[in-house]
Amino acid sequence: AGLAVDEAVARLNRFLCEKSSASRFVTMFVFTMKSDGRGRYISAGHNPTYVYRAATREIEELVSNNMIVGAFPFATYDAAALELNPGDVLLAYSDGLTEAENPRGEMLGEEGVKQVILAQAPSGSKQLEQKLLETIQNFTAGRSLTDDITIILVERVGDSLKP
């Protein structure tokens, strides 16, 4: 059996504090989930993670519930419950997504991402992924990205999870 998510993040924090300077740290969203959709998560200084709830057709925001990792050796990490129901889609992303800029220097922003989620998540994670990538391409109009973009989508389909 592996470590609980809170103990794993606490060990990673201690390791990073010992191995790096005080000016280096990471934010992260980490979760564990069983095939029945129940699990736990830690958001350590990370931007919000979105969960599209199929039953209500609304977005739930999972805001940071812990300190950044690698800066404070005394930090402890508490995992919160997370459950995905059939049809729910979780979107975790790096801030390069919301900070993508159009030629006028305007950012896509959290509201822009949420609009895509609300419009596309009912059709599933594959459709949402395709539309997010399309939105970034169209929004930036070929402009170079100011930061890398990482997108993780997890969808609960029936009685199982589909990454």
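Is Arg57 buried or exposed? In this predicted model, Arg57 comes out as exposed, because its relative accessible area is 54%, and a value over 50% is what earns that word. The residue sits in the loop between E3 and E4. Its backbone deserves a look too: phi is near 60 degrees, a positive value in a residue other than glycine.

That loop belongs to a hairpin, with four residues between the strands E3 and E4. The two strands run antiparallel and are joined by five bridges, E4 covering residues 58-62. To get a feel for the pairing, start from Thr49, which stands opposite Leu62 in E4. As a rule, side chains in a regular strand alternate between the two faces of the sheet.

Arg57 has a counterpart further along the chain. Ala141 also carries a positive phi, of about 50 degrees, although it is not a glycine. This residue lies in the loop between H3 and strand E7 (151-157). Ala141 counts as exposed because its relative accessibility is 56%.

Now for the inside. The largest nonpolar core has 15 residues, and Leu91, Val113, Ile117 and Leu128 are those with the most contacts inside it. Two or more residues each come from E3, strand E6 (89-93), helix H2 (109-120) and helix H3 (125-140). Apart from this core lies another, of 10 residues, including Val5, Val69, Tyr77 and Ala79.

Helix H2 is a good place to see how the larger of these pieces fits together. With 12 residues, H2 reaches 17 Å from its first C-alpha to its last, close to the 16 Å expected at 1.5 Å a residue. Its buried residues are Gly109, Gly112, Val113, Lys114, Val116, Ile117 and Gln120. In an α-helix, residues three or four places apart point the same way, because there are 3.6 residues a turn. The buried residues of H2 pack against E3, E4, E6 and H3. Ile117 shows this at the level of single residues: leaving aside neighbours within four places in sequence, Ile117 is in contact with Tyr50, Tyr52, Ile59, Leu91, Pro122 and Leu128.

Back at the other end of E3, there is a second loop to visit. Asn47 lies between strand E2 (38-44) and strand E3 (49-53). Asn47 is in a loop, yet Asn47 is buried, with a relative accessible area of 15%. Its side chain makes a polar contact of 3.4 Å with the side chain of His46. Beyond the neighbours within four places in sequence, Asn47 is in contact with Tyr93, Ser94 and Asp95.

Aromatic rings round off the tour. A search of the whole structure finds four aromatic pairs. One of them joins Phe29 and Phe31, tilted at 40 degrees between the planes and 5.7 Å centre to centre. Ring pairs also bring in Tyr41, so that Phe29, Phe31 and Tyr41 are linked into a cluster. Within the tilted pair, Phe29 counts as buried, because its relative accessibility is 15%, whereas Phe31 is partly exposed, with a relative accessible area of 25%. The dividing value here is 20%, with buried meaning anything under it.

Note on methods
Residues are numbered from 1 along each chain as its sequence is written. This is a predicted model: local features need pLDDT of at least 70, side-chain atom pairs count only at pLDDT 80 or more; totals for chains, interfaces and linings use all residues. Side-chain values use heavy atoms; hydrogens and water are left out. Buried means under 20% relative accessible area, exposed over 50%, partly exposed in between (1.4 Å probe, protein chains only). A polar contact is a pair of N or O atoms within 3.5 Å; within protein, one must be able to donate a hydrogen and the other to accept it, and residues adjacent in sequence count only if both atoms are side-chain atoms. Contact means heavy atoms within 4.5 Å. Rings of Phe, Tyr and Trp (its six-membered ring) pair if their centres lie within 6.5 Å; planes under 30 degrees apart count as stacked, over 60 as edge-to-face and the rest as tilted. Two strands pair if DSSP finds at least two bridges between them. A nonpolar core is a set of buried Ala, Val, Leu, Ile, Met, Phe, Trp, Tyr and Cys residues joined through side-chain atoms within 4.5 Å. The expected span of a helix is 1.5 Å times one less than its number of residues.
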